[in-house]
2 protein chains.
Amino acid sequence: MDTQSSRRQATRTKLYEAAVTLIAEQGFSATTVDEIAERAGVAKGTVYYNFKSKTELFEELLRHGVGLLTASLRAAADETAARGGTRVQALDAMIRAGLVFIDRYPAFTQLYVAELWRTNRAWQSTLLVVRQEAVAVVETVLREGVANGELSDEIDIPLTAAALVGMVLVAALDWQAFQRERSIDDVHAALSRLLHGRVSGR
Amino acid sequence: MDTQSSRRQATRTKLYEAAVTLIAEQGFSATTVDEIAERAGVAKGTVYYNFKSKTELFEELLRHGVGLLTASLRAAADETAARGGTRVQALDAMIRAGLVFIDRYPAFTQLYVAELWRTNRAWQSTLLVVRQEAVAVVETVLREGVANGELSDEIDIPLTAAALVGMVLVAALDWQAFQRERSIDDVHAALSRLLHGRVSGR
DNA sequence: TTCTTTGAACTGACCAGTCAGTGCAAAAAC
DNA sequence: GTTTTTGCACTGACTGGTCAGTTCAAAGAA
């Protein structure tokens, strides 16, 4: 990579980082381009030199962030498979990977959840694509688990995948927002227990 | 109730209904007071006659909506207890009640999830109170279940409650947004299966 | 020379909140 | 029974401010 494009890349990254926290805190519309530029330490003109519009900056942010998440989920699943682990172990590893991701990028997660179920917004189609990528990783592991008999063939794959993702997402955001004192291991243990059905019974 | 105050109440209700769908679709900042007034079929001045500000309208909306939700969850739990059901059955009934609520007020749920984990917003303290009310209902049932030996005493009550609420919330929103063809029974069955630990195994 | 960034000034659309005034139903006065 | 008054609910044009996006000359970097 030549120096110029890496210089540009550095500017873009600074803008992503500034935008993601501001938008997570305040929402898209309430965040001004002037604020983003100031937080990133660049001039306003630079924002428009690097991105077509505020909306485009946001859409690229979404793509970038979900790309990181799916890569991390897939890596967790693949690694478990490579070690000869079961599919349930793979799901457990993915829960862990999800928690680590949210711990590292809480602002992005917050913003993603806030936008995901909205309708009639400019970036709706971007989100749809990007969501499907993430959920598909979980669905694949569920499907494999059913195929090899490890999971009940009566489970509803798309709904169960959505529920699992939701469970992790909401538990993690709650942890970050309202229960900061808990460790990631506490949260992982609670979710793992639900996944393994070790909630009811003694 | 005299004609005047019932007239006022009707206007307020129209404003709630208009605001909830618009804000769910577009977010708080992107929704203008003019839009809300137009959708409600009243003049802009009427909004300010009935509410101190746009923010206050929104806060009252939040209180109103979460009030409905907690009432419905509590009713489900109480009814199960009255019929001599177990705590796990009560949790199951609450999942059902949550789904029914979301099915009936999808816009409100959307808006609640979008705002819940934001920080630095004017209505943050309102949300904190209102969230705690809702989660507390689930925590109570979990605590009772642990006390009578129905649930493992190793579960982490606050985290498990958050995870359960998240599971229902996200699965239901996903159902509404991306899997409309499924029936409420399908969704309930999938979530119930997770709650009962009937996912893994044959 | 070429690419990137700066920074400040500017435009025009948009929007929260205001306020002087209207309509109307019920109470008060006669 | 009719007229007058009261005050609540509502109206919509208007104001002051904000913000996305533009422009551009100049500077810095490679």
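**Pocket, two-fold and DNA contacts**

Trainee: How does the lining of the largest pocket divide by class?
Mentor: Sort the residues like this: Ala, Val, Leu, Ile, Met, Phe, Trp, Tyr, Cys and Pro are nonpolar, Asp, Glu, Lys and Arg are charged, and the others, Gly among them, are polar. On that scheme, the lining of the largest pocket has 13 nonpolar, seven polar and four charged residues.

Trainee: Before we go on, what pLDDT do side-chain atom pairs need in order to count?
Mentor: Residues are numbered from 1 along each chain as its sequence is written, while chains are lettered from A and ligands numbered from 1 in the order in which they are written. Side-chain values use heavy atoms, leaving out hydrogens and water, and this being a predicted model, totals for chains, interfaces and linings use all residues, local features need pLDDT of at least 70, and side-chain atom pairs need pLDDT 80 or more.

Trainee: What volume does the largest pocket have?
Mentor: A pocket here is an open set of points on a 1 Å grid over the protein atoms alone, where a 1.4 Å probe fits, with protein on both sides within 12 Å along at least five of seven lines; lining residues have an atom within 4 Å of a point. Points are joined across faces, edges and corners, and the volume is the space filled by probe spheres set on them. For the largest pocket that comes to about 500 Å³.

Trainee: And which helix gives the largest share of that lining?
Mentor: Helices are DSSP runs of H or I, at least four residues long, numbered from the N terminus. The pocket is lined by 24 residues, with A:Val20, A:Tyr105, A:Pro106, A:Ala107 and A:Phe108 nearest its centre. The largest share, seven residues, comes from helix 1 of chain A.

Trainee: How many helices does chain A have?
Mentor: The C-alpha atoms of chain A fill a box of roughly 60 × 35 × 35 Å along the principal axes. There are zero strands in chain A, and its helices come to nine.

Trainee: What kind of axis relates chain A to chain B?
Mentor: Superpose by least squares on C-alpha atoms of residues with pLDDT of at least 70 in both copies. A rotation of 180° with 0.1 Å of shift along its axis puts chain A on chain B, at RMSD 0.2 Å. That is the relation of a two-fold axis.

Trainee: Now the DNA: which residues come nearest to strand D?
Mentor: A residue is near a strand if one of its heavy atoms lies within 4 Å of it. Of the atoms of strand D within 4 Å of the protein, 73% belong to sugar or phosphate. Of the 19 residues around strand D, the nearest are A:Lys44, B:Thr11, B:Ala43, B:Thr46 and B:Tyr49.

Trainee: Which residue's side chain has a polar atom 2.9 Å from a base nitrogen of strand D?
Mentor: For polar contacts to DNA, look for N or O pairs within 3.5 Å. The side chain of A:Tyr48 has an N or O atom 3.0 Å from a phosphate oxygen of strand D, and B:Tyr49 has one at 3.0 Å from a phosphate oxygen too. The base nitrogen partner is A:Lys44.

Trainee: On strand C, how far is the side chain of A:Thr46 from a phosphate oxygen?
Mentor: A:Thr46 is among the residues nearest strand C, as is B:Tyr48. A polar side-chain atom of B:Tyr48 lies 3.0 Å from a phosphate oxygen of strand C. For an N or O atom in the side chain of A:Thr46, the distance is 2.4 Å.

Conventions:
A polar contact is a pair of N or O atoms within 3.5 Å; within protein, one must be able to donate a hydrogen and the other to accept it, and residues adjacent in sequence count only if both atoms are side-chain atoms. Helices (H or I, at least four residues) and strands (E, at least two) are DSSP runs, numbered from the N terminus.
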